Each structure stands twice: as structure tokens, then as C-alpha cells.
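Visitor: Here is a model to go through, and the terms applied to it should be justified one by one.

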Amino acid sequence: MKQQTAQTKTKRGTPDFQLLILTLLLVGFGLVMVFSSSSSIAIANKSFNNDALFFTKKQLMWAVIGLVGMFFAMNIRFNKYKKLYAPFFLFTTVLLLIVLVSGKMLNGARSWIHIFGFSIQPAEFAKIAIILYLAALITKKGERFRDLKTGYIPVLVIVGFIAGLIMLQPDFGTCFILVATCGLVIYAGGASMKHIMGSILLVVLGAALALGANALFSSLSSSDDSSSTTTEAKQNYKMGRIQAFLDPTSDTTGDSLNLYRSLVAIGDGGITGSGIGQGTMKLHYLPNAYNDFIFSVIGEELGFVGSVLFLLVYLYFIWRGIIVSLRCPDPFGTLVGIGIMGLIAIQAFINIGGVTQTIPVTGVTLPFISYGGTSLFVMMVAMGILLSISRTNNLDVIKEEKTKSVTVQTSRTSPALRSRESIRRIR
């Protein structure tokens, strides 16, 4: 009996094959597009050692590290993350505090720190940490989560604290993605709609007050030339993005440059595209072609047909992840899975929406596709967690099939049992 119990504990279901293959396909396609969109820039720049594979090799390195992380996360029973979330959340919070003090300034935000020779972005880790934390907290509270004081408000305080640390960098795009993902997990966790709507109104009011205070501060600090110049530049940058969204042709050499050339690249792709590696807008015309605007390169080189096929694969990938999440018998696993797939879907929408003039450009990566080591690593580890959830689901299916097999063998000598099994199969 003890030996049988030990064998049962060591048995593991197989990961969802479709989800695993789709993840690897997206990562592989991302490597191809990073090479296509960055090789011409890298080979002509001494800063990149005139190496056409400069960005591709870095992305491949992170892909390998991410693959190891994904398989490691996949082999941890997902219910153990209920205990691991606390130290991971604490570690991520410490990193977010460190980045505010000694972070590397890039593109107007202090979002990067150097650890063991690697440049990492702690906000990317915060996305997964907050999902695990919320899922564990909501399932622990149970029905008490619907109570405003003891359930809902403590959750909002945690989300607000992490979002505030990211806004201080400042990184509006990542902050918005994190808050939207948390909102999805909170909704899926059964929060009251009255509480959710009240939170949305408070966020809108808070944003309006923050913008008003910022505008007032900038007017009062106009006496200081250096500070007023910096503040005015930041305000003009934000207003420039909004103006570019409203009219991409308003300033094609200034604020509207990125979006205008992105739309030109997608338009030049036509129906079938120019072919992988044959695009022209990436040749020093489209900034950040291998990062924020990589979908523009996809549109130019693969055309309308290729872009639609890519989006269909992406949508099926997200749908498959949601199905795996909903099949999990544990509410914690369901909330974690919905949070992970919601994160990917929201970030993909913001990236693609920005480069196609659906929404204003915010400067976030396209998951699994854009150049960015931390982002790729975190997304692959997140998929490892979801694949761990799928292994538990598949183990339950195996047990159910074995039960059915025993019933069928018994039903050979019993017409009544045989009829019951037939009805069960039809259902």
C-alpha cells in the first residue's frame, strides 16, 4: 500500500501539447523577426560591433534561459506556487525599490538595473508576482473577498502599492498593463461589480487630479529654467503622442514620426508583403523596429495575409491558454492561468493597437516577438506555470479514463452497466 501511494504521488500528467508547441513557435518566429528587423541596423553601427546578429544572439541567449526557466516552472506542481508567491513577491518589491534609487535611465524612465552582468527590468517580474499574489490571496479569502473592508480593499492596497512603484519610474505603459491584468484577476475572482465600478471611478478621478497637479506644478516651477525645461519637455512628449494618435500626418518629422512610418510600413506590405528580410522601412527609417514597432515589420514583410495568419495563431494561443485555465479544478490555478493569458492578451493589444493607430503609442513589447530579454524570460516562465497547471488537468483526465476502462470491463457481464456507460459516453 505504501509503495502504491508513493507511485501515485510521483505520477504527473503530460503538459498541454498544443500550448507548448504554440509557445515554442511564437518564440522561434520572434527570433526570425528580431533578426530581420535589426540586422541592417546592427551591421552599420560600430556600437553593435558591426555584427548583423548582435540583437539576435542576445535574444537567443534569453530564449535559451527562458526555455530552461519554462521547463523548470513546468515541473513544479502548480499548487506549490501558493507557498512560493510570498518570497517571490517580496523579492520583486525589493527590486522595484532598488530601481528607483540606482536604476538605469532609458527613454525617460528609470526602469533597469544591473545584476550579475545582466540588465533586467523589475517591472516585468512584478507582472507575474502580482498575479500569483492576488490568486493566492483571493482563494484564501474565499467568500470574504466580496466584503469591501476585509476582502476587497486589502487587495486594492497591494495593487496600488506595486502600481505606484512602477509609476514612479515612470513607466505608464507597464503600469496600465499591470492594473488591467489585476482588474481581470479580481473580476474572475468573484469581486462585486459595485466595488469594481467604484474602483474604476476612483482611478479615473485620481488620474485627473494627478494630471491637474502636474500641470499646476509645471506652471509654478517656470521660474527655474532647468527644471521648467525638463518638465515642459516631458509634457510636450506626452501631448505629442496624443497628437500623433489623432493625426499621424501632423508632424511627420517630429512627434508623429514613429507612428507615421509604422503606418507607411504596414501599408507598403500590401496583400502578400515584400518577403522576410526584404522590408525597407527598418533601414534606419522606422525607430525601434526590432522592439516596440516589430509588428510594423511583420506587416511590411508578410503583408495582410501574413499578419492575419500571425494574429490568428496568437488568438488561438490565448484561447488555448484560457481553456487550460478554466479546466483546472483548483480556483488558484484558474485565477493564475487567466491572469497570465490576460497579461499576454492585454500587452499584445496595447502594442499592436499602438503601431496601427488603434490606441496611442505607449512603448511596450509584443510578447514573445519583440526584442527584450527580461520580457521574453518572464513570459516563458509564466507559460511554464500554465503548463504545470495543464499537467494537473491531464492527470485528472488520465485517472478518469482509467475509471471508465474499469467500468467498461465490468459492463461486459452486466447489460445494465453497459447501457449506463453508453449513455455516459454520449453525454
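Guide: What follows is a set of questions about the labels used for this predicted model.

Visitor: What does the protein contain overall?
Guide: The protein has 14 helices and 3 strands. Buried residues account for 45% of its 427 residues. The accessible surface comes to about 22100 Å², and 66% of that belongs to carbon and sulfur atoms. Among contacts between residues at least 6 apart in sequence, 71% join residues at least 24 apart.

Visitor: Why is Ser 390 called buried?
Guide: Its relative accessible area is 1%, and buried means under 20%. Ser 390 therefore counts as buried. The residue sits in helix α13 (residues 373–411).

Visitor: What makes the approach of Ser 390 to Asp 16 a polar contact?
Guide: The side chain of Ser 390 reaches the backbone nitrogen of Asp 16 at 2.9 Å. The cut-off for a pair of N or O atoms is 3.5 Å, so the distance meets it. Ser 390 also touches Thr 14, Pro 15 and Val 324, among residues more than four places away in sequence.

Visitor: How do you know that Arg 320 and Asp 16 form a salt bridge?
Guide: Their closest N and O atoms are 2.6 Å apart. A side-chain nitrogen of Lys or Arg has to be within 4 Å of a carboxyl oxygen of Asp or Glu, so this pair qualifies. The structure holds 5 salt bridges.

Visitor: What makes this pair a link between distant parts of the chain?
Guide: Arg 320 is in helix α11, while Asp 16 is in the loop between α1 (2–10) and α2 (17–43). The two are 304 residues apart.

Visitor: Are Arg 320 and Asp 16 buried or exposed?
Guide: Both are buried: the relative accessible area is 12% for Arg 320 and 6% for Asp 16, and the label requires a value under 20%.

Visitor: What makes Lys 282 and Glu 301 a salt bridge, and which parts does the pair tie together?
Guide: Their side chains meet at 2.7 Å, N to O, and the limit is 4 Å. Lys 282 lies in the loop between α10 (257–269) and α11, and Glu 301 in helix α11, so the pair ties together parts 19 residues apart in sequence. Lys 282 and Glu 301 are both buried.

Visitor: Where do Glu 124 and Lys 127 lie, and what makes them a salt bridge?
Guide: Both lie in helix α5, 3 residues apart, about one turn of the helix. The N to O distance is 3.1 Å, which satisfies the 4 Å limit. Glu 124 and Lys 127 are buried.

Visitor: Which residues have the most contacts inside the largest nonpolar core?
Guide: They are Tyr 314, Phe 317, Phe 368 and Met 383, in a core of 105 residues. Helix α5 (residues 122–141) supplies the largest share of this core, 14 residues. Tyr 314 touches Phe 368, and its contacts also include Leu 26, Ile 344 and Ala 348.

Visitor: Why is Ile 138 called buried, and what does it touch?
Guide: Ile 138 has 4% relative accessibility, and under 20% is buried. The residue is in helix α5. It touches Phe 145, Val 185, Ile 186, Gly 189 and Leu 335, not counting residues up to four places away in sequence. Ile 138 and Leu 335 are 197 residues apart along the chain, with their C-alpha atoms separated by 8.9 Å.

Visitor: Why is Val 308 called partly exposed?
Guide: Its relative accessible area is 31%. Buried is under 20% and exposed is over 50%, so a value in between is partly exposed. Val 308 is in helix α11 (residues 294–326). It belongs to a nonpolar surface patch of about 680 Å², together with Ile 271, Phe 304, Val 305, Leu 309, Leu 312 and Leu 315.

Visitor: What makes the phi of Phe 368 and of Asn 50 notable?
Guide: Most residues other than glycine have a negative phi. Phe 368 has a positive phi of about 75°, and phi of Asn 50 is near 50°. Phe 368 lies in the loop between α12 (331–355) and α13, and at 3% relative accessibility it counts as buried. Asn 50 is in the loop between α2 and α3 (54–74), and its 39% makes it partly exposed.

Key: Residues numbered from 1 in each chain as written. Predicted model: local features only at pLDDT ≥ 70, side-chain atom pairs only at ≥ 80, totals over all residues. Heavy atoms only, no water. Helix = DSSP H or I, 4+ residues; strand = E, 2+ residues; numbered from the N terminus. Buried < 20%, exposed > 50% of the residue type's maximum accessible area, 1.4 Å probe, protein only. Polar contact = N/O pair within 3.5 Å; in protein donor to acceptor, adjacent residues only side chain to side chain. Contact = heavy atoms within 4.5 Å. Core = buried A, V, L, I, M, F, W, Y, C linked by side-chain atoms within 4.5 Å. Patch = residues over 30% accessible without salt bridge, like charges linked within 9 Å, V, L, I, M, F, W, Y side chains within 5 Å. Areas by Shrake-Rupley, 256 points an atom, 1.4 Å probe, with all protein chains shown as cover.
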